[in-house]
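Me: I have a structure open and some questions about how its parts fit together. Please keep the answers short and plain.

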Amino acid sequence: MEMDKLSVVTSFLHNIVVYNIPLLYGTAGEILVEKSGSLNLGVEGIMAVGAIFGYICGCYANSLLVGIAVAFLAGALCGLLFSVLTVTLQANQNITGLTLTTFGLGVYFFVGNGLKASGWPVMGNFSNIMAGFSNVAIPGLSKIPLLGHGLFNHNVLVYLGIAIAVAMWWYLNKTTPGLRLRAVGENPAAADSVGINVTWTKYLHICIGCGIMGIGGYYMGLNMSGSFNSNCWINGYGWIAVALVIFANWNPAMAILGTFVFGFFNTLRVSGSSLAAAFPSVLGFLGDIPTQLYQALPFIITAIVLVVTSIRSRKSSGLPAALGINYFREER
Amino acid sequence: MKKILALVMAMVLVLGLVACGETGAAGSNEEGLSAQTLKVGAIYINSKNDTAGYTFAHHSGITAAMKELGMDTEKQLFIVDEVPEKKDDVLAAVDTLVGNGVNIIFGISFGYIDAMEEAAAEYPNVIFSHGTGYKSNETNFNNYFGRAYQARYLAGIAAGLKSLELGNNNVGYVAAHTTDYAETASGINGFALGVQAANPNAKIYVKNLNNWADEVNEKAYAEELINSYNCGVISQHCDSAQPQIAAQTAGVFGCGYNSDMTPDAPKAHLTAAIWNWNVYYRTAMEAAIKAGTADKFVATMGTSAYYGGLKEGFVDVSPLSENCAENTDKAIKAVKELIISGEWDVFTGVKLEIAADGTVTQKDAALESNGFQHKDGDFKVPMENVEVVAAGGASVEDGVITGTMNYLVAGVEEV
């Protein structure tokens, strides 16, 4: 059939952003957590908890802002749990993170199934949520042909995600508290010796990071139109976010790029055949690639990037030196 | 002396176990079965607490059937849920249920097939009934599935008439799988033939998820079919209502699957092809009671492969919404009667022509594929002979519809 070339490309670009922004929230949140020297593998579960509480409370209050706030708080509470267990009680970070995933998904289904049995809030009935989540075109930029609608006509949570990532980059690299945080992640003993409160720094940033993940989960719920089924909304995005942290080299600004590179390959699966049909001479080959390969592609790309980043010299790596190691003051 | 004592004690233990086993096995069958004494076991792929999806549909069917028969679901139903499609896990679930003393075990997922076969041989006193599979024996092991393609044909009519009303011949279909499973291929074909009966110029664009449950992409695929392929009606073979919600957001229409999706997308949904699982579960439980002993179950059922359709009420379409085009109800009713009476079926050399006023006429015409088939993992192997059934010919065999249908009919394009 004759395809509208312009609209195929535009919807491809639009989809890259719309479906992959939760990865940015997850990745940015995890970067903040890891910069404090804590490896939190519970992203998937934390996003699920943020999603379910954010969605329900946002609907009942009929306010997107309440939803975002509750999602943040719910995520931050998971972060608090993680902090108490790993920072204060010195539990193994890997195990605690994995447990948090199981716990978070359990809470998600427990609350969701319970509420569905008694009366699920249908997103379409809450006008403020619908209006709040609808697209807001950026004046001027959204008028650019081809790119305008694809990149500059999105809901506020997309812009918020980008803003959080940029602000975090500034915070980590240009401010004193950001410098202190990085010091704690690199060498908590040294940071402690110059008077930085290691425990407080870790608690604060783990909670904020997890809160950001929670907002990402809320976004997923809204993007799924709040339709609760036997699958979790997060759908594995939390795990991809953990990998994207390494992809982004612990740099929140790079996380934006990483999200869209990953999103590009992720979305090829959806739009590949349309692009092939619209541009048969140039992109015709996309139509012959089997779905299975499209499904695997983002993960193949991730694997390649992980190999490349691990070859890269240690000097340029953003990996916090004390990542994953609990800091026990008495052992200094 | 100690060694001998230990040996004796071990012997006593073993003998004791054997004795227990024998009494246990005999006890469950000698007294006749009734609705009050029948114990039902179920093995689910997902959680029994689900509120939507495949396991939910089966669980609702089993509990509804038990209530129809006046049974107590608290005391007479035993469930092992979240059992993956691995032989050892399924066999362990079977052992648990047999330990609970159940008379009949329903396994709902296709991948349980080998374990169910093995268990049926191991426990001849228990009935094994396997959903969507194809294995069975002559006594205590059967399989069950339904003619979903008949319901899909009816939904296709609603979609076809709607496409005529919209003046848009493009119809989209979000599919969990395509020609790699006969279940999905026959569903797509049934739907497509229904669409074409109402709108002969319609083109059906199918997008393959390659996954039985992938909510995020179910939505993304539907949006892609609407935006890039300009589809005005979206049908689906997947669990979630995302394609219907996407249709509503975009201002187009759709046909759901598994359950009535009108509440999910009141402005877009036309009708859904649905399963009434309780119809089979009730039939099977009644047969189990009537048979008395497990070895007579298949004989009581009359067949080892239950394959119910519109006639049995096993599949159907959900009530038509007000979004449907004019005369949809009239056309669907007429075709339903043709199928139920046995006068006509979907995959035959006779095609139906549905006029805009809803009248149905029959016309001899060959059933043709779109020229490709799925073979050895390759989706696009050209077919030498695209004619599947000659004009006026009899229906494709049931075994093909459930097991080997690996092509899509003419007018369907996989994108």
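Me: Over how many bridges do strands β4 and β5 of chain B pair?
Reply: In this predicted model, β4 covers residues 127-131 of chain B and β5 covers residues 141-146. Phe128(B) stands opposite Phe141(B) in β5(B). The two strands pair in the parallel sense, and the number of bridges is four.

Me: Which are the edge strands of the open sheet with the order β2-β1-β3-β4-β5-β12 in chain B?
Reply: Six strands form this sheet, and their pairing is parallel. On average, neighbouring strands are turned by 20° against each other, direction ignored. An edge strand pairs on one side only, and that applies to β2 (77-80) and β12 (305-308) of chain B.

Me: At about what angle to β4(B) does helix α5 of chain B run?
Reply: Helix α5 takes in residues 113-122 of chain B. The helix lies across β3 (104-107), β4 and β5 of chain B. Its angle to β4(B) is about 170°.

Me: Which helix gives the largest share of the largest nonpolar core?
Reply: The largest nonpolar core has 221 residues, and those with the most contacts inside it include Ala28(A), Leu244(A) and Ile157(B). Domain 1 (33-135 + 277-308) and domain 2 (148-274 + 317-414) of chain B each supply at least three residues. The largest share, 15 residues, comes from residues 5-35 of chain A, which is helix α1.

Me: Which residues is Leu244(A) in contact with, leaving aside its neighbours within four places in sequence?
Reply: Leu244(A) is among the residues with the most contacts inside the largest nonpolar core. Its contacts beyond those neighbours are Leu23(A), Thr27(A), Ala255(A), Gly258(A), Thr259(A) and Phe262(A).

Me: Which element gives the most to the side of chain B that touches chain A?
Reply: Here 28 residues of chain B are in contact with 24 residues of chain A. On the chain B side, the elements giving two or more residues are α2 (54-68), α8 (215-227) and α9 (242-250). That side divides into ten nonpolar, twelve polar and six charged residues. With eight residues, the element that gives the most is α8(B).

Me: Does Glu397(B) count as buried or exposed?
Reply: Glu397(B) sits in the loop between β18 (387-389) and α13 (398-404) of chain B. Its C-alpha atom is separated by 12 Å from that of Ser186(B), 211 residues apart along the chain. A residue with 12 or fewer other C-beta atoms within 10 Å is exposed. Glu397(B) has 11 C-beta neighbours inside 10 Å, so it counts as exposed.

Technical notes. Residues numbered from 1 in each chain as written. Chains lettered and ligands numbered in written order. Predicted model: local features only at pLDDT ≥ 70, side-chain atom pairs only at ≥ 80, totals over all residues. Core = buried A, V, L, I, M, F, W, Y, C linked by C-beta atoms within 7 Å. Buried ≥ 20, exposed ≤ 12 C-beta atoms within 10 Å, placed from the backbone. Domains from an automatic or database assignment. Contact = placed C-beta atoms within 7 Å. Nonpolar A, V, L, I, M, F, W, Y, C, P; charged D, E, K, R; others polar. Pairing = 2+ DSSP bridges. Axes fitted to C-alpha atoms, helices over the stretch in contact; angles between N-to-C directions.
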